[in-house]
Amino acid sequence: MTLVEQVYERLVEHDLVQNGEEFSTYWCGKSKSWFGERKHSGRDFSVTAAIDCMRSVQLKLATLRLSNRRMGGLLEAEIRGLDEVNTALKAFLAEQHRITEVALDAAPQRKML
C-alpha cells in the first residue's frame, strides 16, 4: 500500500475526510480525480502533493489543538492520527526525495503564466 493510500485511510479512520475527491482537493490541493488515479496506477505522492498535504495536516492540527483545549481533550485521537500522518509525510520527503525541511508558514503563491 502506498503512503498516499495510508494517509487517506488514516484520515477516513478519524472522520477527517469523507471520500477520495475531498482528499484530493482539500488535503492535497489537486483535482477531484487525483487520488483515484494515484490509487489505480499504484503511484505515490509527488513532492508538491506531499508538501501540500503536509501543509493541510499542520493547519488542521493547529485548529484541533486549539479546539481540544476548550473541549477538555475530546480530540486527542484525531490529533494523534494527524501527528502520525505528519511524521509519515516528513519521513517520505526525507527518504524518497532528500527533503528534510519544508517552510510551511505561508500559503503557496501560484503564478499565472
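D83 touches L61 and R65, leaving out residues up to four places away in sequence, where contact means heavy atoms within 4.5 Å. The place of D83 is in helix α5; helices (H or I, at least four residues) and strands (E, at least two) are DSSP runs, numbered from the N terminus. At 28% relative accessibility, D83 counts as partly exposed. Buried here means under 20% relative accessible area, exposed over 50%, and partly exposed in between (1.4 Å probe, protein chains only). D83 and V4 are 79 residues apart along the chain, and their C-alpha atoms are separated by 15 Å.

The structure is a predicted model, in which local features need pLDDT of at least 70 and side-chain atom pairs count only at pLDDT 80 or more, while totals for chains, interfaces and linings use all residues. Residues are numbered from 1 along each chain as its sequence is written, and side-chain values use heavy atoms, with hydrogens and water left out.

The secondary structure of the protein chain comprises 5 helices and 0 strands, arranged along the sequence in the pattern α-α-α-α-α. The C-alpha trace spans about 45 × 30 × 30 Å along its principal axes. The radius of gyration of the protein chain is 14 Å, which agrees with the value near 13 Å for a compact globule of 113 residues. This radius is taken over C-alpha atoms, and the globule rule is 2.2 Å times the number of residues to the power 0.38. Of the 113 residues, 38% count as buried. Among contacts between residues at least 6 apart in sequence, 56% join residues at least 24 apart.

The accessible surface of the protein chain comes to about 7,300 Å², of which carbon and sulfur atoms hold 50%; accessible areas come from the Shrake-Rupley method with a 1.4 Å probe, and for residues only the protein chains shown count as cover. The chain has 16 positive and 16 negative charges, and the mean positions of the two sets are 6 Å apart. In this count Lys and Arg are positive and Asp and Glu negative, whereas His and the chain ends are not counted. The place of a charge is taken as NZ of Lys, CZ of Arg, CG of Asp or CD of Glu.

Helix α1 covers residues 3–13, and its buried residues are L3, V4, E5, V7, Y8 and L11. These buried residues pack against α2 (20–27), α3 (34–41), α4 (47–71) and α5 (76–97). After α1 comes D15, which lies in the loop between α1 and α2. Phi of D15 is near 55°, a positive value in a residue other than glycine. At 62% relative accessibility, D15 counts as exposed. A positive phi near 55° in a residue other than glycine is also found at R98, whose place is in the segment after α5. R98 is exposed, with a relative accessible area of 77%.

Within helix α2, F23 has 0% relative accessibility and counts as buried. Leaving aside neighbours within four places in sequence, F23 is in contact with V4, V7, Y8, L11, V17, C28, W34, F35, F45 and C53. F23 and V4 are 19 residues apart in sequence, and the distance between them is 9.9 Å, C-alpha to C-alpha. S24 also has its place in helix α2 and is buried, with a relative accessible area of 0%. Apart from neighbours within four places in sequence, the contacts of S24 are G29, K30, S31, K32, S33, W34 and F35. The C-alpha atoms of S24 and S67 are separated by 25 Å, with their positions 43 residues apart along the chain.

In helix α4, N68 is buried, with a relative accessible area of 8%. A polar atom of the N68 side chain lies 3.2 Å from the backbone nitrogen of L74. A polar contact is a pair of N or O atoms within 3.5 Å; within protein, one must be able to donate a hydrogen and the other to accept it, and residues adjacent in sequence count only if both atoms are side-chain atoms. Not counting residues up to four places away in sequence, N68 touches G73, L74, L75, E76 and I79.
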